[in-house]
Amino acid sequence: MKLPPFTLHRPASAGQASRLLADLGDDAAAYCGGTELLLAMKLGLASYEHLVDLKRVDGLRGIGTDNGITRIGAAATHHEIETSAALRARYPEMAVMISRVANLRVRSVGTLGGNLCFADPHSDPMSFLIAAGATLVCQLGDATRRIPAAAFLTGPYQTALAPGELLTAVELPARPDRTGLSHLRMKLTERPVVTVTARITLGSRGEVAAARLIVGAVASVPFAADTSSLIGGSPGDTAPRPGAPPAGLAGRAEACAEQAAAGCAPLPDGEASPDDLRHLVFVHARQALGEALAAASAAA
């Protein structure tokens, strides 16, 4: 398989790259690692006369923390993310999640920004970022805007980016105290068919103060399941001892997982039957909620 001919552009700044993409319009695409875009072009699934290489653009790399916010440059590779000391100190679950993406060869060149902008429904990072409350920093020309992770994907292979707009960074908020996260996924072939991320924050009495359950890979975009049944709780639901999840919440977590499974509309892509996928959502959601509850209790 050979790539069709194209003109390669190498801008020096995000603003220059954005203006170049705006001028070239639908004939151009931005790339950094190119692990998905170039393969799609080789297979004849995409065709562009111009490719804008972002690997040398200033400010798109690096991972660091400032005022509690962890910033990941859009051009940071998966391998840089999984080995980042800053990320492992604040969001170790994300480092573990990224370490399971594809294989080491792909992670060494593939980037977080490329993964998010390609918007493949069968992907890991976005469900985690939505659960974590991440914000995506975008640039159009010299103007910057921030998009909540939950609003970035608009459909299969579609994003909220305007023509010429670039994703420049992902920002993770300061992690609340007594918060546990769990990300689970299942693959039948090379891509995940189910991803589930649970986030639980406990209050001072051991009650659930906040909860999120994000399901991905089964629908066109990740969706948030209803977790209202987990919030609050009676004194009998408080943690019986430090490090133990609140008693009585297991049943409510299972009911929440059942609602998540019933509420999803699996993509008809042949990976598995809709009923099988709903069952997988239930099993993974139940386990993720249990793990997040245990982690939150251990952090209390």
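A disulfide is a pair of cysteine sulfur atoms within 2.5 Å. The model is predicted: local features need pLDDT of at least 70 and side-chain atom pairs count only at pLDDT 80 or more, while totals for chains, interfaces and linings use all residues. Residues are numbered from 1 along each chain as its sequence is written, and side-chain values use heavy atoms, with hydrogens and water left out.

**Exercise 1. Cysteines**

Find how many disulfides the structure has, and explain the result for Cys117.

Solution.
1. A search of the whole structure returns zero disulfides.
2. For Cys117, the closest cysteine sulfur belongs to Cys138, and the separation of 7.4 Å is too far for a bond.
3. Buried means under 20% relative accessible area, exposed over 50%, and partly exposed in between (1.4 Å probe, protein chains only). Cys117, at 29% relative accessibility, is partly exposed, whereas Cys138, at 0%, is buried.

**Exercise 2. The sheet that holds Cys138**

Determine the strand order of the five-strand open sheet, and locate the bridge partner of Cys138.

Solution.
1. Strands (E, at least two residues) and helices (H or I, at least four) are DSSP runs, numbered from the N terminus. Two strands pair if DSSP finds at least two bridges between them.
2. The order is E4-E5-E10-E6-E7, with antiparallel pairing.
3. Strand E4 (63-66) and strand E7 (143-148) are the edges, each pairing on one side only.
4. Strand E6 (residues 135-140) is joined to E7 by six bridges in the antiparallel sense. The partner of Cys138 is Arg145 in E7.

**Exercise 3. The parallel sheet**

Describe the three-strand open sheet and the helix that packs on it.

Solution.
1. The strands are ordered E1-E3-E2 and the pairing is parallel.
2. Strand E1 (7-9) and strand E2 (28-31) have a single partner strand each, so one side of each is left without a neighbour in the sheet.
3. E2 and strand E3 (residues 50-53) are joined by four bridges; Ala29 stands opposite Leu51 in E3.
4. Helix H1 touches E1, E2 and E3, and its direction makes about 170° with that of E3. Axes here are lines fitted to C-alpha atoms, for helices over the stretch in contact, and angles run from 0 to 180 degrees between N-to-C directions.

**Exercise 4. Helix H11 and the largest core**

Compare the span of helix H11 with its expected value, then state how many residues H11 gives to the largest nonpolar core.

Solution.
1. H11 (residues 274-299) has 26 residues and reaches 37 Å from its first C-alpha to its last, close to the expected 38 Å. The expected span is 1.5 Å times one less than the number of residues.
2. Among its buried residues are Leu277, Leu280, Val281, His284, Ala288 and Ser297.
3. An α-helix has 3.6 residues a turn, so residues three or four places apart point the same way.
4. Contact means heavy atoms within 4.5 Å. The cover over the buried residues of H11 includes strand E12 (192-202), strand E13 (208-216) and helix H10 (249-262).
5. A nonpolar core is a set of buried Ala, Val, Leu, Ile, Met, Phe, Trp, Tyr and Cys residues joined through side-chain atoms within 4.5 Å. The largest has 33 residues; Ile200, Leu213, Val218 and Leu230 touch the most other members.
6. H11 supplies the largest share of this core, 10 residues.
7. Beyond four places in sequence, the contacts of Leu213 include Val196, Phe223, Cys256, Ala285 and Leu289.
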